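Visitor: I would like to learn how to read a helix and the packing around it. Could you take me through one example?

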Amino acid sequence: MKKVLIIEDYYALADIESLLCTMEGYEVRVAKSGDEGLTVFSDFKPDLVLLDLMLPGELSGTQVLERIRADHGAAAKVLVVSALVNATTTPKLEAYGNVQTLAKPFKIKELASRIQSMLAA
């Protein structure tokens with residue numbers, strides 16, 4: 001079973017993402033901050049991370065991505081789901097390797113399609 005880690009502080013969106021992934025048959029964990037996300041990542045070892053960039057606490061989503069890559073390499077796929085995704089930020093994020101982006105707001109079908117294609121690859 002594929003594993004998905006959702007790092008998202010907005011509870012309603014985290015619940016929607018979690019429900020979508022669960023319905024697709026994926027094992028899901030949710031973290032509400034960057035620090036919690038890194039802890040869960042180390043224990044859970046996800047195949048895909050859905051990562052918001054604006055997170056509470058000391059670590060931003062970009063810093064979480066940097067730490068994941070530094071500590072665990074580029075094996076885990078990351079889908080950055082954030083209002084900060086744009087033409088300027090996308091190339092910088094994709095440079096971390098194995099990263100795709102999806103701007104908020106998004107359509108649920110688009111999110112589902114991206115998750116499926118990233119986990120199938």
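**One helix and two cores**

Guide: In α5, the buried residues (under 20% relative accessible area with a 1.4 Å probe, protein chains only; exposed is over 50%, partly exposed in between) are Leu111, Ala112, Arg114, Ile115, Met118 and Leu119. They lie on the same side of α5 because they cover an arc of only 165 degrees around the axis, taken from the directions from the helix axis to the C-beta atoms. This is a predicted model, in which local features need pLDDT of at least 70 and side-chain atom pairs count only at pLDDT 80 or more, while totals for chains, interfaces and linings use all residues. Residues are numbered from 1 along each chain as its sequence is written, and side-chain values use heavy atoms, with hydrogens and water left out.

Visitor: Why do residues three or four places apart point the same way in an α-helix?

Guide: An α-helix has 3.6 residues a turn, so residues at that spacing point the same way. On the other side of α5, Lys109 and Ala120 are exposed.

Visitor: Which elements do the buried residues of α5 pack against?

Guide: Judging by contact (heavy atoms within 4.5 Å), they pack against β1 (3-7), α1 (11-23), β3 (48-51), β4 (77-82) and β5 (99-103); helices (H or I, at least four residues) and strands (E, at least two) are DSSP runs, numbered from the N terminus.

Visitor: Which residues touch the most other members of the largest nonpolar core?

Guide: A nonpolar core is a set of buried Ala, Val, Leu, Ile, Met, Phe, Trp, Tyr and Cys residues joined through side-chain atoms within 4.5 Å. Of the 21 residues in the largest one, these are Leu5, Ile7, Val49, Leu51, Val64, Val78 and Val80. The largest share of this core, four residues, comes from α2.
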